[in-house]
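Ready for a few exercises? Take a look at the structure below, try each task yourself, and then read the worked solution.

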Amino acid sequence: MDYIFNLAIILLVAKIFSIVAKHFNLPEVVGQILAGLILGPALFGIVKDSDFIDKVAEIGVIMLMFEAGLGTDMKQLKSTGFVSTLIACAGVFVPVVLGSLLFMAFYGFGTFGSEQMIKGLFVGTIMAATSVSITVAVLKELGVLNGKVGTAITSAAIIDDVIGIVVLTLVISMKDTSVSVGMVILKAVLFFAIAIGLGVIINRIFKWMTDLYPHTRRVSIASFVYCLFMAYIAETYFGIADITGAYVAGAVLCNLPESVYMSRRIEISAYMVFAPVFFTSIGLKTSFTSMNLTLLLFSIMFVIVALVSKVIGCGGLARLAGFSKQESLQIGAGMMARSEVALITAQKGLAAGLLTSEFFTPVILLILVSSFVTPIALKVLFAKKDEPQPVKA
């Protein structure tokens, strides 16, 4: 029954620190991550990370992304779709280049195609992995999730995830020739084609259900079942992150009159249990036992370059695409967060022999720092208004 005790402690401490964070005008997720740090091996070690916590956390992030999908404004999504794709491309390219150079600056430059170069590219690929879960929670808390910037960030992060999978496969295939990049791209294209085609049918079925049973729990339950199926199918059969499947499921249902009701029902469960466990689990994974001076310096630079590269890549492209200076900074900051996607990428590298276990320390440090910095940066940036432009005579 230890898992029951751990769950109770996590929810209690997470709520206490959420209230404390709110008192100091900080996003609640910051308090929940801090709760994980205090409960985990980084400080007191009261709660150990476990498979049970990881599974509950995974459901939490799926629910968050499903909510984000349900709240999508399709008009905004269509208007920012092309730009979001460009932002995502820049958000992958810049971190991969800067991350590769950073690794090789610390651990040596290899010849073209050498294992050293491939390892450098892989470190850059870890940097490219964006996790929008934390950003979605903060944007929702600030009431800007469905606005122009919020939609651009969410859709860019989803596209970033797909591009990141292709890049990851490409880098691994440089070491393991049995991996087919073409197959990965084909699977990604097939997933979205099937999701859109099936989505038209699903949308009509739910339209019929909501007309027949308005404001009933059976509709909300059915919508969440659809979300879970899409999350499972995306990752199991197409190699795409489950959170992408969850977001697509929400986007399919977002234009229904009952979408707000569904979102509220999902939100009750998500924010009562699953989401706090997800954010707390980030802190629970943090440990600094394998740290040495070289790794410490590399970790610090890894975090700095990873954060800055997203602002330069995503924010810079957004500025070129016509967003204001303030909006571009908001987009760049919103794309800084890393979480489960970066960990999954690192684990793939470990399995492929491109990474040793000690490099999980900078990855976890990046997740931790970005989880703190991103909510605070977004709160500050959305509080500020664009400076008025001078009137031309």
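**Exercise 1. Decide whether Thr125 is buried or exposed, and find what surrounds Thr125.**

Solution. Start with the accessibility: Thr125 has 4% relative accessibility in this predicted model. The cut-off for buried is under 20%, so Thr125 counts as buried.

Next, place the residue: Thr125 belongs to helix H5.

Now follow its side chain, which comes to 2.8 Å from the backbone oxygen of Leu121.

Finally, look for partners beyond four places away in sequence. Thr125 touches Val96, Gly164, Val167, Leu168, Val171 and Thr345.

**Exercise 2. Work out how H5 and H12 are oriented to each other, and which residues make the contact.**

Solution. Step one is the geometry: helix H5 (residues 115–128) packs against helix H12 (residues 293–320) at an angle of about 55 degrees, and their axes are 10 Å apart.

Step two is to name that arrangement. The angle is neither under 35 degrees nor in the range of 65 to 115, nor over 145, and H5 and H12 are therefore oblique to each other.

Step three is the hand, and here the crossing of H5 and H12 is right-handed.

Step four is the contact itself. From H5 come Val123, Ile126, Met127 and Ala128, while H12 supplies Phe298, Phe302, Val305, Ala306 and Lys310. Sort these residues by type and you get 8 nonpolar, no polar and 1 charged.

**Exercise 3. Do the same for H3 and H6: find the angle, the hand and the residues that meet.**

Solution. Begin with the axes again. Helix H3 (residues 51–70) and helix H6 (residues 133–142) cross at roughly 50 degrees, and their axes come within 10 Å. That makes H3 oblique to H6.

Then check the hand: H3 passes H6 in a left-handed crossing.

Now pick out the residues. On the H3 side they are Val61, Leu64, Met65, Glu67 and Ala68, and they meet Ser133, Val136 and Lys140 of H6. By type, the contact of H3 with H6 has 5 nonpolar residues, 1 polar and 2 charged.

**Exercise 4. Find how many residues of H6 are buried, and say what follows the helix.**

Solution. Count along the helix: 7 of the 10 residues of H6 are buried, and H6 is mostly covered. The buried ones are Ser133, Ile134, Thr135, Val136, Ala137, Val138 and Leu139.

Then step past the end of the helix. Gly143 follows H6, and its phi is positive, near 75 degrees.

**Exercise 5. Place Val94 and list its contacts.**

Solution. First the element: Val94 sits in helix H4 (residues 74–107).

Next the accessibility: Val94 has a relative accessible area of 17%, so Val94 is buried.

Then the partners: setting aside neighbours within four places in sequence, Val94 is in contact with Ser309, Ile312 and Gly313.

For a sense of distance, try Gln32 as well. Val94 and Gln32 are 62 residues apart in sequence, and their C-alpha atoms are 31 Å apart in space.

**Exercise 6. Explain why the phi of His215 deserves a second look, and decide whether His215 is buried or exposed.**

Solution. Start with the background: most residues other than glycine have a negative phi.

Compare that with His215, whose phi is positive, near 55 degrees.

Then locate the residue: His215 lies in the loop between helix H8 (181–212) and helix H9 (217–238).

Last, check the accessibility. The relative accessible area of His215 is 53%, so His215 is exposed.

Key: Residues are numbered from 1 along each chain as its sequence is written. This is a predicted model: local features need pLDDT of at least 70, side-chain atom pairs count only at pLDDT 80 or more; totals for chains, interfaces and linings use all residues. Side-chain values use heavy atoms; hydrogens and water are left out. Axes are lines fitted to C-alpha atoms, for helices over the stretch in contact, and angles run from 0 to 180 degrees between N-to-C directions. Helices (H or I, at least four residues) and strands (E, at least two) are DSSP runs, numbered from the N terminus. A crossing is left-handed if the near helix is turned anticlockwise from the far one by less than a right angle, and right-handed if clockwise. Contact means heavy atoms within 4.5 Å. Ala, Val, Leu, Ile, Met, Phe, Trp, Tyr, Cys and Pro count as nonpolar, Asp, Glu, Lys and Arg as charged, and the others, Gly among them, as polar. Buried means under 20% relative accessible area, exposed over 50%, partly exposed in between (1.4 Å probe, protein chains only). A polar contact is a pair of N or O atoms within 3.5 Å; within protein, one must be able to donate a hydrogen and the other to accept it, and residues adjacent in sequence count only if both atoms are side-chain atoms.
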